[in-house]
Every structure is written in structure tokens, then in C-alpha cells.
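Open the model in your viewer and keep the selection box at hand. This tour goes stop by stop.

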Amino acid sequence: LMTFEDTLINMYEEPEAMDEFFTAYTDWKLKVVEQLIDNLHPDIIHSHDDWGSKTSMFFSPDVFRKLLKPHYEKLYSYIKKRGVMVQHHCDCYATDVAKDMVDIGVDMWQGVLPQNDIPRIKRETGGRLLLMGGLDQGLIDQADVTEEAVRAEVRRAIDEYAPGGSFLPCIGSLECLNAWVNPIVIDECNRYGAEWLAKNS
């Protein structure tokens, strides 16, 4: 509906107009999810919206809270009211709004990058947000990466983020561009994950 750059600029220069736009967009999304739930009866709805780059958000947490949070809350509270869980994909830095994700009804943050402060997020959300990700895809999604390097990254993520629960290791974008890496990640998540659980249960 407008370029990425124009959207971000308008959030700062035309906040009232953008609030009207987000209201209309949310009302449209509500009609869509109503039809999805009525006809498909899903257990989970995967909602996709990146809010930043690897190292920072595209806008301040205050702008997020003022312009975006109320609309997400309206959409996700409807989904939750219908008995459906919310999985929000956001493979970027978003540490500073993790508690807001809980506020708006996100059950699972899918795509949490290791550039986020995952231990801090776990402390601040108190187990109310399942963090799915933790793997450095930039490191392992390479044509010349070795199998051992992929497996080592999976083990690092489990060792670092699994203590205390509320963490599920996975690739941030769901699958690697180098498709042969995917089954290695899954195999090591299952193999080492079971081993880790056996030792730490």
C-alpha cells in the first residue's frame, strides 16, 4: 500500500493519519481471521511482521506502543477470545518490546534472533512467552558451512537458552536458503535436545 520507507517516515511525520490507516488495516484483518477461524478451526494463527533489523528496531519502543500496540492488541485479543493461540514471527531485534508481546496476547515469538538478549527476555516475560529461534542463521545458512558447524550452533543455542524453559530452538525464517542445512538442524535439535533434557530433568 506504500513503500517501506514511506511507512516508517509517515509513522513519525503523520502519526494521526497512520493510526487511521492501522485502524482500517486491523479491521480488515479481523474479518480475515474471523473467516479463517470459522472455516478452518486452527489451533494456532501465525502472524508475520518484522519490526526491525538484526541490531535495532525500525522505530522506538514508544512509537511501537503508541501506534502499533493497540491495533495488535485488538487483533490478537479477538484471536485468543476464539480459543486460538497466537504465534508472532519477528526475526529481528525486538528485546525492548518483548513484554509488550505478552501484553498483546502473543503466545509464541517465532524467529527470535540470538542478537536479542534472550536471557533478559526470559526473565522479563516470566515464562509467559515461548521463544522460538536462537540459532544464528547468518552463521549456518551458508553454502560452504560444515555439518559440524551447524550441529555446534544448535548445541550452543540449547545450552545457552534452554535452562528455565520457554525456549524452542529453530531457524528464524523457518527454513534455510541452503535447503540441505534444514534436516541437519532438525536432527540435532531432536538428538541433542533429548540428550539435554535427559541430563537436566
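What follows is a walk through a predicted model, from its core to its helix packing, its charged pairs and two loop residues.

**Stop 1: the nonpolar core**

Start inside. Select W51, W109 and V185. These residues have the most contacts within the largest nonpolar core, a set of 55 residues. In soluble globular proteins, nonpolar side chains tend to be buried together.

Now colour the elements that feed this core. At least two core residues come from each of α2 (15-40), α3 (61-81), α4 (98-104), β3 (108-112), α5 (118-125), α7 (147-161) and α8 (181-200). Which helix gives the largest share? It is α3, with nine residues.

**Stop 2: α2 against α3**

Stay with α3 and add α2. The axes of α2 and α3 lie 9 Å apart, at an angle of about 15°. An angle under 35 degrees counts as roughly parallel, and α2 and α3 are therefore roughly parallel to each other. Their crossing is right-handed.

Show the side chains at the contact. On the α2 side, pick P15, D19, F22, T23, T26, D27, K29, L30, V33, E34 and I37. On the α3 side, pick L67, L68, H71, K74, L75, Y78 and I79.

**Stop 3: α1 across α2**

Next, select helix α1, residues 4-13. Its axis comes within 6 Å of the α2 axis, and the two cross at roughly 120°. That makes α1 oblique to α2.

The contact residues in α1 are T7, N10, M11, Y12 and E13. Their counterparts in α2 are P15, M18 and F22.

**Stop 4: F22**

Centre on F22, in helix α2. Is this residue buried or exposed? F22 counts as buried, at 10% relative accessibility.

Leave out residues up to four places away in sequence. F22 then touches M11, L67, L68 and H71. Of these, M11 belongs to the α1 side of the α1–α2 contact, while L67, L68 and H71 belong to the α3 side of the α2–α3 contact.

Add Y72 as well. Along the chain, F22 and Y72 are 50 residues apart. Their C-alpha atoms are separated by 9.5 Å.

**Stop 5: a chain of charges on α7 and α8**

The structure holds 18 salt bridges. Three of them are worth a look here.

Select E147 and R151. Their side chains meet in a salt bridge, 2.9 Å from N to O. Both sit in helix α7, four residues apart, so about one helical turn separates them. E147 is partly exposed, with 41% relative accessible area. R151 is buried, at 15%.

Keep R151 and add E188. These side chains also form a salt bridge, at 2.6 Å from N to O. The pair joins distant parts of the chain: R151 lies in helix α7 and E188 in helix α8, 37 residues apart. Both residues are buried.

Now add R191. What is the distance between the closest N and O atoms of R191 and E188? In this salt bridge it is 2.5 Å. The two are three residues apart in helix α8, so about one helical turn lies between them. R191 counts as partly exposed, at 39% relative accessibility. E188 has a relative accessible area of 0% and is buried.

Widen the selection to see the network. Salt bridges with shared partners join E147, E148, R151, R155, D187, E188, R191 and E195.

**Stop 6: two positive phi values**

Finish in the loops. Most residues other than glycine have a negative phi. The next two selections do not.

Select H41, in the loop between α2 and β1 (44-48). H41 is not a glycine, yet its phi is positive, about 50°. H41 is exposed, with a relative accessible area of 61%.

Then go to L174. Where does L174 lie? Look in the loop between β5 (167-170) and α8. The phi of L174 is near 80°, again a positive value in a residue other than glycine. L174 is exposed, at 53% relative accessible area.

Note on methods. Residues numbered from 1 in each chain as written. Predicted model: local features only at pLDDT ≥ 70, side-chain atom pairs only at ≥ 80, totals over all residues. Heavy atoms only, no water. Core = buried A, V, L, I, M, F, W, Y, C linked by side-chain atoms within 4.5 Å. Buried < 20%, exposed > 50% of the residue type's maximum accessible area, 1.4 Å probe, protein only. Salt bridge = Lys/Arg side-chain N within 4 Å of Asp/Glu carboxyl O. Axes fitted to C-alpha atoms, helices over the stretch in contact; angles between N-to-C directions. Parallel < 35°, antiparallel > 145°, perpendicular 65-115°, else oblique. Left-handed = near helix turned anticlockwise from the far one by under 90°. Contact = heavy atoms within 4.5 Å.
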